[in-house]
Amino acid sequence: MTIEEIKELIQVFNESGVSEMEVTRGGNGLRLKRASVAMSQEILVPMGAPIISAAPIHALPSTSPAAPTGINSGANNASASAKPATLEEGHELVKSPIVGTYYDSPAPGSPSFVRVGDQVEPGHVLCIIESMKLMNEIESEVSGTIVAKLVENGRPVEYGEALFAIRPR
């Protein structure tokens, strides 16, 4: 690898927002990794709903939902109601095959590819993950019903992170 190629890879790494990248060409290799930073989360509560205080989230395990459970006040809060406290046995988890940014619709303002309760077949597009400025469609591999969306729109996802739970037919 030349110095110019390394500089270009570092630039792509910095612009992409991915947390880790490894490139190997022939006998040369380059591995880049971002330092961990504390994450915080903002939860919008409808007026009149009880307010529950939560401490900042410093590290989220990749298999747990992004929002704390038990904050659903019964109001029409789509992100809280889409995440069940526990998933039943037999549900298939659709996991992210790459690191990137999760999008649940093809463009801002357009309807989501799927909603909780929708029926899906193999090959049905569930979401898009943007990685290194490429839009990657994530498709269902099973027939069934979407029982949970486990990621919020526009949030970064890691490799292997659960995106959806599907009850197979």
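How many aromatic pairs does a search of the whole structure find? The close-ups below start with that question and then move to a loop; the model shown is predicted.

**View 1. The aromatic pair of tyrosine 102 and phenylalanine 164.** The search of the whole structure finds one aromatic pair. Tyrosine 102 and phenylalanine 164 form it, with 6.2 Å from centre to centre and 55° between the planes. That geometry counts as tilted, because the edge-to-face class takes planes over 60 degrees apart and the stacked class takes those under 30.

**View 2. Where the two rings sit in the chain.** Tyrosine 102 belongs to strand β4 (residues 100-103), while phenylalanine 164 belongs to strand β10 (residues 162-168). The pair therefore ties together parts that are 62 residues apart in sequence. Are these two residues buried or exposed? Both tyrosine 102 and phenylalanine 164 are buried.

**View 3. Methionine 132 in the loop between β6 and β7.** Here we look at the loop that lies between β6 (125-131) and β7 (134-139), where methionine 132 is found. Its phi is near 55°, a positive value in a residue other than glycine. Methionine 132 counts as partly exposed, because its relative accessibility is 37%.

**View 4. Lysine 133, also in the loop between β6 and β7.** What is the phi of lysine 133? The angle is about 65°, so here too is a positive phi in a residue that is not a glycine. With a relative accessible area of 62%, lysine 133 is exposed, whereas methionine 132 is partly exposed.

Note on methods:
Residues are numbered from 1 along each chain as its sequence is written. This is a predicted model: local features need pLDDT of at least 70, side-chain atom pairs count only at pLDDT 80 or more; totals for chains, interfaces and linings use all residues. Side-chain values use heavy atoms; hydrogens and water are left out. Helices (H or I, at least four residues) and strands (E, at least two) are DSSP runs, numbered from the N terminus. Buried means under 20% relative accessible area, exposed over 50%, partly exposed in between (1.4 Å probe, protein chains only). Rings of Phe, Tyr and Trp (its six-membered ring) pair if their centres lie within 6.5 Å; planes under 30 degrees apart count as stacked, over 60 as edge-to-face and the rest as tilted.
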